[in-house]
Each structure stands twice: as structure tokens, then as C-alpha cells.
Amino acid sequence: MAVIRASEGAVAEAAGELKKGRLVAFPTETVYGLGADATNGRAVALIFEAKGRPRFNPLIVHVADLAAAKRIAELPAKAQRLAEAFWPGPLTLVLKRREVSGISELVAAGLDSIAVRIPDHPIACALLGACALPLAAPSANRSGHVSPTRAEHVEGDLGDRVSMILDGGPTAHGLESTVLDARGGRIVMLRPGAATSDAIEGVLGETIDRALEAGSSPQSPGQLASHYAPRARVRLAATAAAPGEAMLAFGPDVPQTAGPVINLSPSGDLIEAAANLFAALRRLDATGVAVIAVMPIPGHGLGEAINDRLRRSATGR
Ligand code: TXA
Ligand code: MG
């Protein structure tokens, strides 16, 4: 899809594409984002497929205003102060996600938290207003490439994978947003970015911790972004479920089993499977079974990220 100058009509058309579950690249003040309806798991799975990422990482949800942020997440006092000072703007807050947020589990890659920001760009804001949806949007580049600061960069990387690329010219910052964990008493910088630590500390009237600074925090970035680990043991490449095991199935040929079964995609569609993965793991775990037996899942396309996630839930704890 070619680049389209972001007129009012183009924004309305882009909003329509997003509502249909399609991908739209749009400018923000930091970098161009690859946007999808954050409440539509299948649309979010398309983001990972388009980026060609070998694993699921949590995405930022872009919203139009503070009220929309509060429908999704809880803002403790310090988060509220940061939001009032920096939004709209290049600051992303990792917050506790509301129990009923409507956001697809895939957006936060199974975490209980959610990263939220209000972008400060007329086209991003017009798009959020026109679609009236929270938009999950990572930087609009293929995995491993640098973040795009011009519509042509997006076209080169993802031109054949998005419905529309809204052109708003070069981005103002050319650098991603600063990501802060604002859930607890101490504010922790997870990713430095366009909002400086000086400005953040000025608003808070106190210093912040840095996730990457040795000794400053007991948590490594890996732990901070630690993924949902099922309580049940996960058994991979299962051809059948033993008594007492739950089955995470894939495809049309599911072996008979007495225990709970969730099929990630009866038709064998990896996009649908990715969309359902985290919610399915949680639901099977909640049945109280000791073991979740997982049928083999092909390794191509999104299968690579699905298998990465399943391997890590089978081993790493
Ligand atoms: O400027 C930006 O932030 C751009 C524009 C499009 O908004 N977006 C962007 O998204 O850079 P992405 O997906 O490339 O980077 C998201 C960052 C990653 O470092 C990710 O680990 C972190 O935010 N993140 C997202 N959700 C998180 C969560 N729940 N917990 C911890 N880190 C999270
Ligand atoms: Mg990125």
C-alpha cells in the first residue's frame, strides 16, 4: 500500500481499516507506529506477523485522553502526576491493567501490566478520535531494523503488510518514548527515550531508578518484563493428554481426552492461535490441572513466536 498524505478523508478511511481489524501505520511525535485495534486479538497478532518478530514482546497502547487511559489501567498518585505533566507526549507508563480492560491478552504478551501513552501528534490524535479505539502500536519497522521516522521508511519495511501508511512528514523527536514502570512507590526507567530523566525527576521532585543500572534495582529488565508463567507444568509436543492433564490443542485433529481442552485454532491458523495463546494458557491454568499438554504447533510465521513462548513456559521458572 502506498503512502497517503494524511488528509481528513484519509484519517477517516484509516479509522475504518482499524475497525475492520487491519493494520495502519501512523506518525507520532516520536517515531511512526504500526497500529492495530488493541481490543482485537487477531489484529494484534497481525502486528507481530508483520514485524516478523521471533518472540512476543509487550506493546504500547495509545489512547486519546486520560479518561481512556483510566478505563484500561490504574494510575497511582505518581503516575497521575506524570500523566498530567507529560501527556500528550513521549512518555509511556507501565501500569497495572484493570481486571476488565477489554485489551487483548496478546498486547502485554501475557503480563498483568499494560504500557500506555497519549501521543502528541495531530494525525495520531485525529486517528485515535476517529476510530475511538485504544491502538496497540510498536514502532513500524521490521524486527531488527531501526525505528522509522519518515513514512518512506515504513513503506520500505512494511509497505506490503499494512492497509495504509498515513504520511505526516518526518517525526519531531526521531526517538522512541521513555518507558517508566509507574506501578509502585519508586518509579523505574525501563527504556530511556525522548522524555529526559531530568524532566521526569523535576516533576516528581525525587530521583528515579534505572532498570539497566547495576545495583540500583534488584530486578533485571528481563524480570521486569517477566512473562506470565502458568502454575501448571507445560508439556510440549503432546500427541495425547493423560488423565488429569489439560490439553492446549491446535488444528482439526484433536485426540480424545477427558480433561479440559482449548483449541488455539481448529482450522490451524497461526494468526488465530497467536491471538488466543495467552488467554488460553490462563484459562487452562485456572482449571487447577497439574499439567497442560500442548499439541505440536508448526514453526513457520507466527509459529516461531508461539513456540518460543511455549518453550519458555515449559522450562523457565
Ligand atoms: O515512541 C514510542 O514509544 C513508539 C511509538 C509508536 O509510540 N512505540 C514503540 O513501541 O517504541 P515498541 O513496541 O517498539 O516498544 C515498546 C517498549 C518496549 O521496550 C517494551 O518492552 C516496553 O515498551 N513495554 C511495553 N509494554 C510493557 C509492559 N507491560 N511492561 C514492561 N515493558 C513494556
Ligand atoms: Mg521498536
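This is a short dialogue on reading the ligand site, the salt bridges and one loop residue in a predicted model.

Reader: Where do I start with ligand 1? Which residues come nearest?

Author: Start with the shell. It has 20 residues around ligand 1. T30, H62, S113, S177 and R191 come nearest.

Reader: What is the make-up of that shell by class?

Author: Sort the residues into nonpolar, polar and charged. Around ligand 1 there are 11 nonpolar, six polar and three charged residues.

Reader: Which strands supply at least two residues of the shell?

Author: Strand 4 (60-62), strand 7 (113-117) and strand 11 (188-191) each do so. Strand 7 gives the largest share, three residues.

Reader: Now the polar side chains. How far is an N or O atom in the side chain of H62 from an oxygen atom of ligand 1?

Author: Look at distances between N and O atoms. For H62, the distance to a ligand oxygen is 2.7 Å. For R191, a side-chain N or O atom is 3.0 Å from an oxygen atom of ligand 1. For R117, a polar side-chain atom lies 3.1 Å from a ligand oxygen.

Reader: And how much of ligand 1 does the protein bury?

Author: Compare the ligand alone with the ligand in place. Taken alone, ligand 1 exposes 690 Å². The protein buries 89% of that.

Reader: R117 has a charged side chain. Which residue forms a salt bridge with R117?

Author: The general idea comes first. Side chains of opposite charge can pair when their charged atoms come close. Here the partner of R117 is E29, with the closest N and O atoms 2.9 Å apart. This pair links distant parts of the chain. E29 sits in the loop between strand 2 (24-26) and strand 3 (33-37), and R117 in strand 7, 88 residues away.

Reader: Are E29 and R117 buried or exposed?

Author: Read the relative accessible area. Buried means under 20%. E29 has 4%, so E29 is buried. R117 has 2%, so R117 counts as buried.

Reader: How many salt bridges does the structure hold?

Author: The structure holds 16. One of them joins the side chains of R5 and D167, at 3.9 Å from N to O. R5 is in strand 1 (residues 3-5) and D167 in strand 9 (residues 164-167). They are 162 residues apart, so the pair links distant parts of the chain.

Reader: What is the burial of each partner, R5 and D167?

Author: Check each partner on its own. R5 counts as exposed because its relative accessibility is 58%. D167 is buried, at 13%.

Reader: Which residues are linked in a network of salt bridges?

Author: E17, K20 and R22 are linked that way. Within it, K20 forms a salt bridge with E17, and their closest N and O atoms are 3.4 Å apart. K20 is exposed, with a relative accessible area of 56%. E17 is buried, at 13%.

Reader: Last, a loop residue. Where does A240 lie?

Author: Place it between its flanking elements. A240 lies in the loop between strand 13 (233-235) and strand 14 (245-249). A240 counts as partly exposed, at 38% relative accessibility.

Reader: What is A240 in contact with, beyond its neighbours within four places in sequence?

Author: Set those neighbours aside and list the rest. A240 is in contact with R235, E245, M247, P255 and A293. The C-alpha atoms of A240 and M295 are separated by 7.8 Å. Along the chain, those two residues are 55 residues apart.

Notes
Residues are numbered from 1 along each chain as its sequence is written. Chains are lettered from A and ligands numbered from 1 in the order in which they are written. This is a predicted model: local features need pLDDT of at least 70, side-chain atom pairs count only at pLDDT 80 or more; totals for chains, interfaces and linings use all residues. Side-chain values use heavy atoms; hydrogens and water are left out. A residue is near a molecule or strand if one of its heavy atoms lies within 4 Å of it. A polar contact is a pair of N or O atoms within 3.5 Å; within protein, one must be able to donate a hydrogen and the other to accept it, and residues adjacent in sequence count only if both atoms are side-chain atoms. Accessible areas come from the Shrake-Rupley method with a 1.4 Å probe; for residues, only the protein chains shown count as cover. Helices (H or I, at least four residues) and strands (E, at least two) are DSSP runs, numbered from the N terminus. Ala, Val, Leu, Ile, Met, Phe, Trp, Tyr, Cys and Pro count as nonpolar, Asp, Glu, Lys and Arg as charged, and the others, Gly among them, as polar. A salt bridge is a side-chain nitrogen of Lys or Arg within 4 Å of a carboxyl oxygen of Asp or Glu. Buried means under 20% relative accessible area, exposed over 50%, partly exposed in between (1.4 Å probe, protein chains only). Contact means heavy atoms within 4.5 Å.
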